[in-house]
Amino acid sequence: MAATQLCSNSASLSKALTQNPFPKIPISPLKTTLNFQRTLKPFTLKAVLSQNPAKSQTHTAPVEHCFSKKADGFLYCEDVRVQDVMETVEKRPFYLYSKPQITRNVEAYKQALEGLNSIIGYAIKANNNYKILEHLRKLGCGAVLVSGNELRLALRAGFDPTKCIFNGNGKLLEDLVLAAQEGVFVNVDSEFDLENIVVASRIAGKKVNVLLRINPDVDPQVHPYVATGNKNSKFGIRNEKLQWFLDAVKAHPNELKLVGAHCHLGSTITKVDIFRDAAVLMVNYIDKIRAQGFEVDYLNIGGGLGIDYYHTGAVLPKPRNLIDTVRELVLSRNLNLIIEPGRSLIANTCCLVNHVTGVKTNGTKNFIVIDGSMAELIRPSLYDAYQHIELVSPAPQDAEISKFDVVGPVCESADFLGKERELPTPDRGAGLVVHDAGAYCMSMASTYNLKMRPPEYWVEEDGSVSKIRHGETFEDHMRFFEGL
């Protein structure tokens, strides 16, 4: 990761301000505020919460990406021009989602799982927007939780507790008590984790359905920060200690019911054979567990399926490819399959939309400076991750194409969204998007440099645009200090 570069005192800002070309439109709760009159289908900006139930759709043909450049040279989200959205909402970075794409992604998993008893457990850590969670719950998803607050959020959003799985290598006792009370599945990650689950069961007065998270020591061939299933990972139990855990579960028949086994290999995985390798190991462990009298009915193979961040047209595995690699194994043992998709459900449904503040050069490198930053989207700075970047509107015909680092205003050398990107030189105020920003972007956003977390919107099935999260303000920050 790039070394931190401290800021020196900055010069005084110029008092000359240009007129805001993106006027703020007031948004009244649950009321339509704007209709666009243009040649294409107009959209309406609606209020914070959309109450329309999701319509499940079946797609057997390949689905076009929800963000695409059309013949007029503008970027669209579904059939809505992103430039029009920018001119409607407040002038600041914002996340823009396609609600229909979220639905299509869930339907792809549902179709892949046909013929299997299964739970699609959406990994809330990928994106914890409450309205998105409600939508996923209506589509039939369960939830995968890695903190007590994610558990509370899932319950608030109406998820069925019996379709929720509580993961984590350091689960707190108070959160385990809540999990026991609500009847969610809990993965056992360590000796002390098992002890805490036993105590939580006694406090709650309920037996807990547990799965053993076994570390299969399979290399997912991904960035080491997102590899979770090898022998050096902090997650899971060592497979050679399986018998110790089975004996410990046997010793607590009133507190624990062992119902399955779980593994999670990592994230951004692009080779589904790795899942099969892990599943082969896991069903062998299940055979051993069953041989000792346990009624084990669940195999949880985790999540981690990657997406085409590079937008090169690479042929990557789809949900059906993933499920088909483990289908026969699951059926051969009459198991219920649990999967934990996060990125593959939500990443490609969203862009971070930014405004160009200006263009500069230091003589050897060119920079496009935008109002978005590592505070809103940290993946490139944290993992050196690549996310596709492009302009929202057609560039002027005489715009020179150059290589740019796309950077934000945060006072860190690590504040970049992309490096060495070939782009037309944009005008000041032009729109620029970072693609595939639905997963591990807003959920990892911060208020560093007091850049307040941005608002979120989505395009609905009827082409309207709804606000699904308010942007944070300076006044929100000051409320933490009231009354002290």
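**Burial, contacts and annotated sites in the predicted chain**

Ala375 is buried, with a relative accessible area of 2%. In this predicted model, Ala375 belongs to the loop that runs between strand 16 (366–370) and helix 11 (379–383). Beyond its neighbours within four places in sequence, Ala375 makes contact with Val410, Ala445, Ser446, Tyr448 and Lys451. One of these partners, Val410, is 35 residues away from Ala375 along the chain, and the C-alpha atoms of the two are separated by 7.5 Å.

The chain as a whole contains 12 helices and 22 strands. Of its 484 residues, 54% are buried. Contacts between residues at least 6 apart in sequence were also examined, and 71% of them join residues at least 24 apart. The exposed surface of the chain comes to about 22100 Å², of which carbon and sulfur atoms supply 50%.

Two positions carry annotations from an unreviewed UniProt entry. In that entry, Cys411 is covered by the annotation "active site". Cys411 is placed in the loop between strand 18 (401–407) and strand 19 (416–424). Its relative accessibility is 31%, so Cys411 counts as partly exposed. The second annotation, "modified residue: N6-(pyridoxal phosphate)lysine", is likewise from an unreviewed UniProt entry and covers Lys125. Lys125 is found in the loop between strand 6 (118–123) and helix 3 (130–138). This lysine counts as partly exposed because the relative accessibility of Lys125 is 38%. When neighbours within four places in sequence are left aside, the contacts of Lys125 are with Val146, Glu150, Tyr440 and Ser443.

Val146, one of the contacts of Lys125, is also among the residues in contact with Phe166. Phe166 is part of strand 8 (residues 164–166). With a relative accessibility of 1%, Phe166 counts as buried. Outside its neighbours within four places in sequence, Phe166 touches Leu145, Val146, Ser147 and Gly148, as well as Lys171, Asp175, Leu176 and Ala179. The contacts of Phe166 also include Val184, Phe185, Val186 and Asn187. Leu176 is 10 residues from Phe166 along the chain, with a C-alpha separation of 8.5 Å between the two.

The cysteines were examined for disulfides, and a search of the whole structure finds 0. Cys77 is in no disulfide, and the nearest cysteine sulfur, that of Cys66, lies 5.2 Å away. A disulfide requires two cysteine sulfur atoms within 2.5 Å. Cys77 is buried, with a relative accessible area of 0%. Cys263 is also buried, at a relative accessible area of 2%.

Aromatic rings were considered next. The count of aromatic pairs comes to 4. One of them is formed by Trp244 and Phe245, whose ring centres are 4.9 Å apart and whose planes stand at 75°, so this pair is edge-to-face. Trp244 is partly exposed, with a relative accessible area of 37%, whereas Phe245 counts as buried at 1% relative accessibility. Charged side chains are also placed over aromatic rings. Arg81 lies over the face of Phe74, 4.2 Å from the ring centre. Lys419 lies over the face of Phe416, at a distance of 4.3 Å from the ring centre.

Backbone geometry was examined at two further loop positions. Most residues other than glycine have a negative phi. Asn334, although not a glycine, has a positive phi of about 55°. Asn334 is located in the loop between helix 9 (319–332) and strand 14 (336–339), and counts as exposed at 63% relative accessibility. Asp436 likewise has a positive phi, near 55°, in a residue other than glycine. The loop that holds Asp436 runs between strand 20 (431–434) and strand 21 (456–459). In contrast to the exposed Asn334, Asp436 is buried, with a relative accessible area of 1%.

Note on methods. Residues are numbered from 1 along each chain as its sequence is written. This is a predicted model: local features need pLDDT of at least 70, side-chain atom pairs count only at pLDDT 80 or more; totals for chains, interfaces and linings use all residues. Side-chain values use heavy atoms; hydrogens and water are left out. UniProt positions are given in the numbering used here, feature names are shortened, and annotations may be inferred rather than shown by experiment. Helices (H or I, at least four residues) and strands (E, at least two) are DSSP runs, numbered from the N terminus. Buried means under 20% relative accessible area, exposed over 50%, partly exposed in between (1.4 Å probe, protein chains only). Contact means heavy atoms within 4.5 Å. Rings of Phe, Tyr and Trp (its six-membered ring) pair if their centres lie within 6.5 Å; planes under 30 degrees apart count as stacked, over 60 as edge-to-face and the rest as tilted. A charge sits over a ring if NZ of Lys or CZ of Arg is within 6 Å of the ring centre and within 35 degrees of the ring normal. Accessible areas come from the Shrake-Rupley method with a 1.4 Å probe; for residues, only the protein chains shown count as cover.
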